[in-house]
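Please find below some numbered comments on the model under review. They concern side-chain contacts, packing and backbone geometry.

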Amino acid sequence: MKILVIGSGGREHALAWKLSQSPHAERIFCAPGNAGTAEITENIAISASDLETLVRFAKENRIDLTVIGPDDPLAAGIVDLFAAERLRAFGPTKSAARIEASKIFAKELMRSQKIPTAEARTFSDSSAALHYCERLKFPS
């Protein structure tokens, strides 16, 4: 199995390390990767935000599974793009990634579903935000 891990942080290093232990992992690429992933995978000089080039790489190299680590490409819809090209990708769709990508959306969802969450408000005016902060009571 050929695997592509997208990202360059510690999360991606951990994913690549664990995936490399699978007897099914024939070859692992990491785009763009880091010094740690270079020790266990083949780093590819493609930015995690360059979705079209990542799709092209996956197709040209017959990648069996792509694992996406960073939030930004998930929020940009990389899983949807891979699915449209009939490529397997592990990660949430653009719609599902919204809960992580937008704190406003997450808070509104939690409120509407009565999920306990810390008090929060959204402001477009800094003076209104400061006034709100002045009224808050913090535990002693």
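1. Leaving aside neighbours within four places in sequence, Arg-27 is in contact with Met-1, Lys-2, Ile-3 and Glu-42. The model is a predicted one, and the contacts of Arg-27 should be read as features of that prediction. Arg-27 itself belongs to strand 2, which spans residues 27-32.

2. Among the contact partners of Arg-27, Glu-42 deserves a separate remark. The side chains of Arg-27 and Glu-42 form a polar contact at 2.7 Å. A further relation concerns Thr-41, which lies 14 residues from Arg-27 along the chain, with 7.5 Å between the two C-alpha atoms.

3. Is Arg-27 buried or exposed, or does it fall in between? Its relative accessible area is 38%, so Arg-27 is classed as partly exposed, given that buried requires under 20% and exposed over 50%.

4. Strand 2 also holds Pro-32. The peptide bond leading from Ala-31 to Pro-32 is cis, with omega near -5 degrees. As most peptide bonds are trans, this linkage merits inspection in the displayed structure.

5. Which residues of helix 3 are buried? Within this helix (residues 51-60), they are Leu-51, Thr-53, Leu-54, Val-55, Phe-57 and Ala-58. The elements against which the buried residues of helix 3 pack are strand 1 (2-7), strand 2, strand 4 (65-68), helix 4 (71-75) and helix 5 (78-84). Strand 2, the element that contains Arg-27, is thus one of the packing partners of helix 3.

6. Helix 3 is followed by Arg-62, for which phi is positive, near 50 degrees. Most residues other than glycine have a negative phi.

7. Arg-86 is another residue to examine for its backbone: although not a glycine, Arg-86 has a positive phi, near 60 degrees. Its location is the loop between helix 5 and strand 5 (89-90). Helix 5 is also among the elements packed against by the buried residues of helix 3. Arg-86 has a relative accessibility of 80% and therefore counts as exposed.

8. Where is Lys-114 placed? Lys-114 sits in the loop between helix 7 (103-112) and helix 8 (126-135). Phi of Lys-114, likewise a residue other than glycine, is positive and near 60 degrees. With a relative accessible area of 72%, Lys-114 is exposed, because the cut-off for that class is over 50%.

Notes: Residues are numbered from 1 along each chain as its sequence is written. This is a predicted model: local features need pLDDT of at least 70, side-chain atom pairs count only at pLDDT 80 or more; totals for chains, interfaces and linings use all residues. Side-chain values use heavy atoms; hydrogens and water are left out. Helices (H or I, at least four residues) and strands (E, at least two) are DSSP runs, numbered from the N terminus. Buried means under 20% relative accessible area, exposed over 50%, partly exposed in between (1.4 Å probe, protein chains only). Contact means heavy atoms within 4.5 Å. A polar contact is a pair of N or O atoms within 3.5 Å; within protein, one must be able to donate a hydrogen and the other to accept it, and residues adjacent in sequence count only if both atoms are side-chain atoms.
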